[in-house]
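Work through the exercises below with the sequence and the 3D structure at hand. Try each task before reading its solution.

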Amino acid sequence: FPIYAKKAARIAAVSEFTKNDVVEKYKIDARKIDIVYNGVSEQFRPLSAEEIIEKLEKQKPYFKNGGGITFSGGEPTLQTKELIPICKKIKEAGFHITLDTCGAIHTAETRELYDLCYLIMLDVKHINKHWHQKITNQPNDTVLLNANYREKTGQELWLRYVLVPGW
């Protein structure tokens, strides 16, 4: 990829995150990278906080117990900087926010995002460090750090643990 990226006149990336990743990892000039979002119509594009709140307001009559929005994967914490201001506005508007995450990132920004959410659904691949490493190729230290952080805040945390026979 790096050789072809450097030779290419233009590059299409599927998100701002992907564009930034290509610029950082391969030292490609950002001006030659266009973002082309996945989807076949205008409805498949990033929404502003105001557009999200407008959609939530329209759906409010169908919500039970307040209702709200869930940000989930891929991995939403890869978009933490974008989600924080959106979540602040959604929370100010009075809607419930859930974050469904694998917990692989732990930074000051992800902690701020966690604090804006009423519920964190943390996907734990395996509680045993050895098995987690075997399944994901990553240790579970950061996942458990995130679980511990959330637990200390006293805010709601659901651990999602998938049982796979043989693992």
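**Exercises on rings and strands**

**Exercise 1.** Find the ring over which the charged end of K91 sits.

Solution. The model is a predicted one. The charged end of K91 lies over the ring of Y118, at 5.2 Å from the ring centre.

**Exercise 2.** Classify the one aromatic pair in the structure.

Solution. Step 1: A ring pair is described by the distance of the centres and the angle of the planes.
Step 2: For F63 and F95 the centres are 6.3 Å apart and the planes stand at 80°.
Step 3: Planes over 60 degrees apart count as edge-to-face, so the pair of F63 and F95 is edge-to-face.
Step 4: F63 belongs to the loop between helix 3 (49–59) and strand 3 (68–71), and F95 to the loop between helix 4 (80–92) and strand 4 (96–101). The two are 32 residues apart, and the pair links distant parts of the chain.

**Exercise 3.** Decide for F63 and for F95 whether each is buried or partly exposed.

Solution. Step 1: Buried means under 20% relative accessible area.
Step 2: F95 has 1% and is buried.
Step 3: F63 has 22% and is partly exposed.

**Exercise 4.** Describe the open sheet and the helix that packs on the sheet.

Solution. Step 1: Four strands make up the sheet in the order 3-4-5-6, with parallel pairing.
Step 2: Strand 3 and strand 6 (156–161) are the edge strands, since each pairs on one side only.
Step 3: Strand 5 (residues 119–124) pairs with strand 6 over six bridges, and L119 stands opposite E156.
Step 4: Helix 7 (residues 141–153) touches strand 5 and strand 6, and its direction makes about 155° with that of strand 5.

Conventions: Residues are numbered from 1 along each chain as its sequence is written. This is a predicted model: local features need pLDDT of at least 70, side-chain atom pairs count only at pLDDT 80 or more; totals for chains, interfaces and linings use all residues. Side-chain values use heavy atoms; hydrogens and water are left out. Rings of Phe, Tyr and Trp (its six-membered ring) pair if their centres lie within 6.5 Å; planes under 30 degrees apart count as stacked, over 60 as edge-to-face and the rest as tilted. Buried means under 20% relative accessible area, exposed over 50%, partly exposed in between (1.4 Å probe, protein chains only). A charge sits over a ring if NZ of Lys or CZ of Arg is within 6 Å of the ring centre and within 35 degrees of the ring normal. Two strands pair if DSSP finds at least two bridges between them. Contact means heavy atoms within 4.5 Å. Axes are lines fitted to C-alpha atoms, for helices over the stretch in contact, and angles run from 0 to 180 degrees between N-to-C directions.
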